[in-house]
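Visitor: I would like a close look at a single part of this structure. Could you take me through one helix and whatever surrounds it?

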Amino acid sequence: MDYFYMYLATLRMAGRSEKTIEHDKLQLGLMLHALAKPVQEITAEDLFTHLAQCKAIRQVGNRYLQ
């Protein structure tokens with residue numbers, strides 16, 4: 001099951017703009033590449049660690065990462 005494309009499909013069904021979907025697709029793709037593990041194995045700790053690293057590297061606040 002490809003959760004990545006299922007998520008993008010739910011964004012379309014929810015009426016999100018294609019620009020928003022493309023942005024989310026890019027960001028999720030980068031995150032999945034950085035985590036380097038199957039989606040089924042990604043933990044909440046993995047996500048929090050990734051977000052903390054992004055925040056430090058980009059020097060942005062929590063609001064930007066939402």
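Guide: What follows is a walk along one helix, then across to its partners. Please keep in mind that this is a predicted model.

Let us settle on helix α3, residues 44–58. Its length is a good place to begin: at 1.5 Å a residue, the 15 residues should span 21 Å, and the end C-alpha atoms are 21 Å apart, so the two values agree. Within α3, the buried residues include D46, H50 and C54. These three cover an arc of only 70° around the axis, which puts them on the same side of α3. The spacing fits a general rule: an α-helix has 3.6 residues a turn, so residues three or four places apart point the same way. Turn to the other side of α3 and you find E45, F48 and A56 exposed. Just after the helix, Q59 takes a positive phi of about 55°.

Two of the buried residues deserve a pause. H50 has a relative accessibility of 12%, and because buried means under 20%, H50 counts as buried. Setting aside residues up to four places away in sequence, H50 touches M31, A34 and L35. D46 is also buried, with a relative accessible area of 18%. The side chain of D46 meets that of K37 in a salt bridge, at 2.9 Å from N to O. K37, for its part, is partly exposed, at 29% relative accessible area. In general, side chains of opposite charge can pair when their charged atoms come close. A search of the whole structure finds 2 salt bridges. R12 and E18 form a salt bridge too, with their closest N and O atoms 3.1 Å apart. Here R12 is partly exposed at 42% relative accessible area, and E18 is partly exposed at 44%.

The contacts of H50 with M31, A34 and L35 lead us to helix α2, residues 18–35. The 18 residues of α2 should span 26 Å at 1.5 Å a residue, and its end C-alpha atoms are 25 Å apart, which agrees. I21, M31 and L35 are buried in α2. They cover an arc of only 95° around the axis, which puts them on the same side of α2. The buried residues of α2 pack against α1 and α3. On the face turned away from that buried side sit the exposed residues K19, H33 and A34. A34 therefore appears twice in our tour: it is exposed, on the face of α2 turned away from the buried side, and it is touched by H50. Just after α2, A36 takes a positive phi of about 50°.

One more residue of α2 is worth a look, namely L32. L32 is partly exposed, with a relative accessible area of 23%. Leaving aside neighbours within four places in sequence, L32 is in contact with F4, K37, V39 and I42. K37 is thus a contact of L32 as well as the salt-bridge partner of D46. The C-alpha atoms of L32 and L47, 15 residues apart along the chain, are separated by 9.9 Å.

V39, another contact of L32, takes us out to the surface. Together with Y3 and M6, V39 makes a nonpolar surface patch of about 250 Å². Y3 belongs to helix α1, residues 3–13, and at 38% relative accessibility Y3 counts as partly exposed.

Key:
Residues numbered from 1 in each chain as written. Predicted model: local features only at pLDDT ≥ 70, side-chain atom pairs only at ≥ 80, totals over all residues. Heavy atoms only, no water. Helix = DSSP H or I, 4+ residues; strand = E, 2+ residues; numbered from the N terminus. Buried < 20%, exposed > 50% of the residue type's maximum accessible area, 1.4 Å probe, protein only. Contact = heavy atoms within 4.5 Å. Expected span 1.5 Å × (residues − 1). Arc of directions from axis to C-beta. Salt bridge = Lys/Arg side-chain N within 4 Å of Asp/Glu carboxyl O. Patch = residues over 30% accessible without salt bridge, like charges linked within 9 Å, V, L, I, M, F, W, Y side chains within 5 Å. Areas by Shrake-Rupley, 256 points an atom, 1.4 Å probe, with all protein chains shown as cover.
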